[in-house]
Each structure stands twice: as C-alpha cells, then as structure tokens.
Amino acid sequence: MMAADGGATVLENKDAPKMPEKKKTKFDVVIIGAGPSGYTAGIYCSRAGYDTLILSGILPGGQLVNTTEVENYPGFENGIMGPDLMIEMRKQTQRMGTTIIDDEVVNVDFRHKPFKVLTASEEYEGRAVIIATGANPRKLGLEGEQTFGGKGVSYCATCDGPFFRNQELVVVGGGDSAIEEATFLTKFASTVHLVHRRDELRASKIMQERALNNNKIKFHWDSEITDIKGDQKMRQAVIKNLKTGEEKILDAGGLFVAIGHEPNTKLFTNQIDLDEDGYIVLKNKTHTNIEGVFAAGDVHDRTYRQAITAAGFGCMAAIDVDKYLTENS
Ligand code: NAP
C-alpha cells in the first residue's frame with residue numbers, strides 16, 4: 001500500500017510483542033536524597049531546563065516525614081503536618097519536570113565524568129550530582145522513643161518547643177546542642193531537666209555558664225534515661241543514676257534527645273572529603289572537593305538543621321550546578 005505522499009505505509013502489527021521501554025538513565029543532574037534540600041534543588045534544576053533525576057531512597061521525605069505539625073515553614077498560616085509538606089514538595093518538584101525514582105543508592109563513582117550513581121538494579125549518569133542525603137538524629141535506643149515519637153519525644157527543640165508551654169521537659173545530652181536546646185526550651189517550659197551521662201558537660205564554656213546560671217534548668221548528672229512512659233502521649237521519663245543505681249521518675253510532657261547527629265555519608269567515604277564526624281566538607285559555597293559534585297542540607301550543615309535552611313541550601317546548590325554546567329558544556 002502507498003501513502004498519499006507516495007511513501008510506503010508501515011502497517012502496525014498489533015500482535016507483535018512490544019519492545020520493553022528502555023529506562024532513561026542519563027541525566028544532566030542527579031540528586032541523591034529527597035528531603036527539603038533535594039526537592040528544592042530538583043525544582044530549581046528542572047526550571048533551569050536541566051534534565052534532572054532525584055533518587056529518593058526507599059523512604060522519601062527526610063526527617064519531616066517523622067514529625068507532626070510544622071509551624072515554622074513559611075507559607076502555611078496554620079502550620080502543616082510534616083508528611084503533608086513533603087508530599088506537596090514532591091508534587092511541586094514533579095510538576096517542574098524532575099524525574100523521581102524511589103530507589104536506594106548503593107554506590108557512586110565520582111572518579112570519572114559523567115558521574116555514576118548506582119542502585120541495586122540500575123546505573124545512572126549525571127553531568128553534575130547534588131548530594132542531599134541529610135543526617136539522622138542519634139537515638140537513645142529505647143522502645144519509648146518509637147512509641148512516643150511525635151507524642152512527646154522530639155529531636156528538635158526549635159521545631160517542637162513551642163508545643164510544650166508550661167510543661168516540665170527533659171533534655172538528654174551534654175554537648176552544645178543539648179545545652180542550646182535546654183536553654184531555648186526554658187522560654188516555654190516550667191522546668192527543663194537536663195540528663196547527662198557524665199558529671200561534666202562537653203558543651204563550650206560560655207554555653208555551659210549560661211545554662212548553669214539558668215534557674216529553670218535542673219541538672220541530673222551521671223544519669224541516663226531508662227524508660228519513657230505515657231498513654232496517648234508521653235507523661236514520664238525514668239532516669240537512673242549510673243553511679244548509685246538509683247532510679248527516679250520525672251513527670252514530663254516532652255523529652256528532647258540531643259545526643260548528636262549522624263550524617264548519611266557512608267556512601268561517599270573515600271570519594272568526598274568528610275570531616276571527623278562524617279559531615280561533607282565544602283570547599284566553596286556548595287562545592288565539594290570534586291568539581292561537579294555539590295552538597296546541600298544537613299549532610300554538611302551541623303548548625304542550623306531546619307527544613308527552611310535545608311531548602312535554601314538546595315536552591316544554592318542548584319544555582320551553583322547551573323553555573324558549573326553552563327561553564328562546562
Ligand atoms: P556532640 O558534641 O557530639 O555531643 C553529644 C552529647 O551527647 C555528648 O555530651 C555525649 O556525651 C552525649 N551522648 C552521645 N551519645 C549518647 C548516648 N547514647 N546516650 C546519652 N548521651 C549520649 O553533639 P552536638 O551537641 O549535637 O554537637 C555537634 C557539633 O555541633 C559540635 O561540634 C558542637 O560544638 C556543634 N554545635 C554548635 C552549636 C553552637 O555553637 N551554637 C550548637 C549546636 C551544636 P559525652 O559528653 O559523655 O560523650
């Protein structure tokens with residue numbers, strides 16, 4: 001049969017086996033991680049016209065997926081639930097054209113360009129990579145942390161402190177974070193019990209002094225939390241003196257665990273410069289030691305650790321990627 005334009009018409013064989021669609025694996029930008037920094041980087045990279053992939057891991061959304069109400073992310077007059085905020089960010093990122101794959105990265109190869117990012121079943125390539133894998137708060141390892149997570153147990157005083165007005169609160173830890181959080185929480189709490197496993201603080205002198213002189217903070221030295229009790233929400237923390245073995249019950253509506261964070265950087269050991277605690281060391285702005293590989297959010301930021309600052313770092317990394325790809329195309 002001839003087509004009207006004289007060319008041969010190819011008849012479609014409906015019974016022919018369909019060829020499987022080849023999965024796209026080459027991108028301009030590959031972003032590892034889908035918290036506020038990863039999604040924001042995705043939005044900016046896609047809007048700038050780059051073919052962008054986010055590999056989100058198995059549980060996308062980052063730390064906000066484990067929180068309840070978020071009152072301090074601008075744009076939501078009445079606050080928003082953490083998981084809902086992350087769903088909105090994901091939908092916005094997809095609307096901008098970013099490909100999102102909920103798969104876990106198991107290896108990376110940044111030795112050659114394009115960079116390779118591997119999951120168990122695929123090998124993806126990116127002309128630039130943004131690492132936005134975040135950090136996880138260190139846990140005490142108690143069952144009650146799980147049971148009362150978001151119901152009294154928190155890992156962020158800035159995020160959750162205002163929910164605990166006029167209540168007794170417990171803070172665990174002896175570093176700068178614990179002291180800073182305990183001091184901050186005195187704005188809201190009737191009493192803050194600081195529980196530390198040793199008899200001296202690790203925190204800087206000036207912060208120690210501020211806390212030691214704050215009569216709302218009560219120190220429990222050489223002590224650890226052994227149990228968290230409650231019903232619908234947390235009501236009590238059981239503490240044990242490690243020297244005497246004596247146990248005490250503190251009636252408290254909230255327990256803030258501030259015993260450090262662990263950045264998710266195991267994947268990058270030996271390829272990206274990390275500091276002694278595993279945080280990515282940035283050479284300049286969002287640039288890592290490898291030209292073309294950038295980092296954003298809690299994976300390098302041990303100071304601010306807020307959703308809004310992580311999102312800001314994601315934006316910065318995307319702008320730096322744009323400059324890099326423009327100069328290296
Ligand atoms: P950190 O300095 O590592 O302190 C962690 C604290 O938690 C230590 O006191 C440690 O006790 C205790 N701890 C660790 N594991 C524990 C466990 N399983 N059970 C009970 N207690 C445990 O962590 P950070 O306070 O988050 O600070 C991290 C870094 O950020 C530091 O370099 C800090 O200076 C910096 N930072 C600075 C500021 C500021 O300048 N405004 C604010 C926050 C953080 P031991 O002391 O016995 O080891």
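A polar contact, as the term is used here, is a pair of N or O atoms within 3.5 Å. Keep that cut-off in mind as we walk through this structure, which is a predicted model.

Let's start at the ligand. One of its oxygen atoms is 2.6 Å from an N or O atom in the side chain of Arg202, so the pair falls inside the cut-off and counts as a polar contact. Arg197 has a similar story to tell: a polar atom of its side chain lies 2.9 Å from an oxygen atom of the ligand. Over at Glu180, the partner is a nitrogen atom of the ligand, with 2.7 Å between that nitrogen and an N or O atom of the Glu180 side chain. As for how covered the ligand is, on its own it would expose 920 Å², and the protein buries 72% of that.

Now step back to the whole shell. The ligand is surrounded by 13 residues, and the closest are Asp176, Ser177, Glu180, Arg198 and Arg202. Sort the shell by class and you get 6 charged residues, 6 polar ones and just 1 nonpolar.

Where does all this happen? The ligand sits in the second largest pocket. That pocket holds about 820 Å³ of space. Its lining is made of 31 residues, and those closest to the pocket's centre are Arg138, Gly175, Ala258, Ile259 and Gly260. By class, the lining has 11 nonpolar, 10 polar and 10 charged residues.

Which elements build that lining? Helix H5 (176-185), strand S14 (223-230) and strand S18 (261-263) each put in at least two residues. Strand S14 supplies the largest share, with 4 residues.

Follow the chain back from S14 and you'll come to a backbone detail. Asp222 lies in the loop between strand S13 (217-220) and S14. Its phi is near 50 degrees, a positive value in a residue that isn't glycine.

There's one more backbone feature to look up in the viewer. In the loop between strand S6 (105-109) and strand S7 (115-119) you'll find Pro114. The peptide bond leading from Lys113 to Pro114 is cis, with omega near -5 degrees.

Terms used: Residues numbered from 1 in each chain as written. Predicted model: local features only at pLDDT ≥ 70, side-chain atom pairs only at ≥ 80, totals over all residues. Heavy atoms only, no water. Near = heavy atom within 4 Å. Polar contact = N/O pair within 3.5 Å; in protein donor to acceptor, adjacent residues only side chain to side chain. Areas by Shrake-Rupley, 256 points an atom, 1.4 Å probe, with all protein chains shown as cover. 1 Å grid on protein atoms, 1.4 Å probe; cavity = no way out; pocket = protein on both sides within 12 Å on 5 of 7 lines; lining within 4 Å. Sits in = over half its atoms within 2 Å of the grid points. Nonpolar A, V, L, I, M, F, W, Y, C, P; charged D, E, K, R; others polar. Points joined across faces, edges and corners; volume = space filled by probe spheres on them.
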